[in-house]
Amino acid sequence: MFDTNPENYQGLRPVQLRVDGRALILLDQRALPADEVWLELSALEDIAVAIETLTVRGAPAIGCAAAIGLYVVSLGMPETRADFLVALWAASERLANTRPTAVNLFVALEQQRVAVTEQLDRDPDTSVARLREILRATAEQHVRADLRACLELGAHGAPKLPPGGILTHCNTGALATAGHGTALGVIRSAWASGTKLHVFVDETRPLLQGSRLTAWELVHDQIPCSLICDNMAGAMMARGEIQAAIVGADRITRNGDAANKIGTYTVAVLCKHHGIPFYVAAPVTTIDLSLATGAEIPIEERDADEVRVHGAALRAPANVPVRNPAFDVTPAELITGIITERGVFTPAELAGL
Ligand code: MRU
């Protein structure tokens, strides 16, 4: 059985606060799998650009980076309280404007805002030094809570995965979270508890989070896997090689619709056609009860060259018009279960959370 105590977690932590508390440490996800490059960032613009360029990516990891990032940036802000607060809210807004779809980013920044404003409500004369301590404690708590949630949702979800072929899309592993992962965390926990599975990894065009990142994590953990192109999933299902699919989410709405990496909807439709269970795994910070349905989720459109260019090579006419939505929405009726740290729910049960 997988150990769910965060204190005993020995795996990868891709988003950290440096020991001296003065920099955000990130494993650069653009460089993987070729190189393992660790970055140390302390300037607001560097941190915001790291989120925009997918140096750090995955809904929970983005939230962790923003929480730590805001604290680190606060160290360079003015020492007078009024000026400090102006700079703090401006920095928070810059970070909020990096990526629109993953709600975890906004949850993390909101936790920081509430912690600071509640302290000021209690004591309007609170020093800037004390406000910084509060930002640091809130960020560290956010990261700890995310790791705990991943380990616990892994334990809840593991029994849902049957032995055999498990399809996953994008990267939802340790890299995408504070550690362990969501959908990939469930796969890890199932494997650790003895389920004989074989993971089919969608390469996840256009930015290849599956082939670059998920395959890297699985190979490292020696979990059996095969990399497939996104357009092979249907054929694998038709051949009986896939028994379940599991993905993560960037935002889940009240009715159980789930936004996730572009291509997830296609996987869900294929699962429906083939009678294969389709699970979404996410911490409760990914559930946005303020939105009624997936139609209200803002979907990020990214640069056209992410589609036209592959590596350094142009794979399309340089001027061909492109669409590049980074996410799609899977309707609740295609989702078998939503796996969270509080248990496994049907989409209809979410509103009661
Ligand atoms: O654009 P990305 O790589 O940040 O997209 C990530 C995903 O879509 C993940 O599946 C999702 O954030 C869940 S990560 C645990």
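## A walk through the sheets and helices

Let us start at a hairpin: strand β8 (residues 251-253) and strand β9 (residues 258-261) run antiparallel and are joined by two bridges. Strands here are DSSP runs of E with at least two residues, helices are runs of H or I with at least four, and both are numbered from the N terminus. Two strands are said to pair if DSSP finds at least two bridges between them. Before going on, please keep in mind that this is a predicted model, in which local features need pLDDT of at least 70 and side-chain atom pairs count only at pLDDT 80 or more, while totals for chains, interfaces and linings use all residues. Residues are numbered from 1 along each chain as its sequence is written, and side-chain values use heavy atoms, with hydrogens and water left out.

Back in the hairpin, R251 has A259 of β9 as its bridge partner. Four residues lie between the two strands, and G256 takes a positive phi near 95°. On β9 you can also follow A259 to V329 in β14, which stands opposite; β9 and β14 pair in the antiparallel sense over four bridges. These strands belong to an open sheet of four, ordered β11-β8-β9-β14, with mixed pairing. β11 (287-288) and β14 (327-330) stand at its edges with a single partner strand each, so one side of each has no neighbour in the sheet.

Now move to another open sheet, this one of seven strands, in the order β6-β5-β4-β7-β10-β15-β16 and again with mixed pairing. Its edge strands are β6 (225-228) and β16 (343-345), each pairing on one side only. Neighbouring strands are turned by 25° against each other on average, direction ignored. Within this sheet, β7 (residues 244-247) and β10 (residues 278-281) run parallel, joined by three bridges, and A245 stands opposite F278 in β10. Helix α7 (residues 209-221) packs on the sheet, touching β4 (164-168), β5 (197-202) and β6, and its direction makes about 160° with that of β5. Contact means heavy atoms within 4.5 Å, and angles run from 0 to 180 degrees between N-to-C directions, with axes fitted to C-alpha atoms, for helices over the stretch in contact. Helix α9 (residues 264-274) also packs on the sheet, touching β4, β5, β7 and β10, with its direction at about 145° to that of β10.

The helices have their own packing to explore. Helix α3 (residues 81-96) and helix α4 (residues 103-122) pack at about 165°, with axes 10 Å apart. That makes α3 roughly antiparallel to α4 (angles over 145 degrees count as such). The contact is made by R81, L85, L88, W89, S92, L95 and A96 of α3 and by L105, F106, L109, R113, V116, T117 and L120 of α4. By class, this contact has 10 nonpolar, two polar and two charged residues (Ala, Val, Leu, Ile, Met, Phe, Trp, Tyr, Cys and Pro count as nonpolar, Asp, Glu, Lys and Arg as charged, and the others, Gly among them, as polar).

On α3 you also meet helix α2 (residues 59-74): α2 and α3 pack at about 145°, with axes 10 Å apart. Here A66, L70, V73 and S74 of α2 touch F84, L88, A91, S92 and L95 of α3, a contact with seven nonpolar, two polar and no charged residues.

Finally, step back to the whole: the protein chain has 10 helices and 16 strands.

Technical notes:
Parallel < 35°, antiparallel > 145°, perpendicular 65-115°, else oblique.
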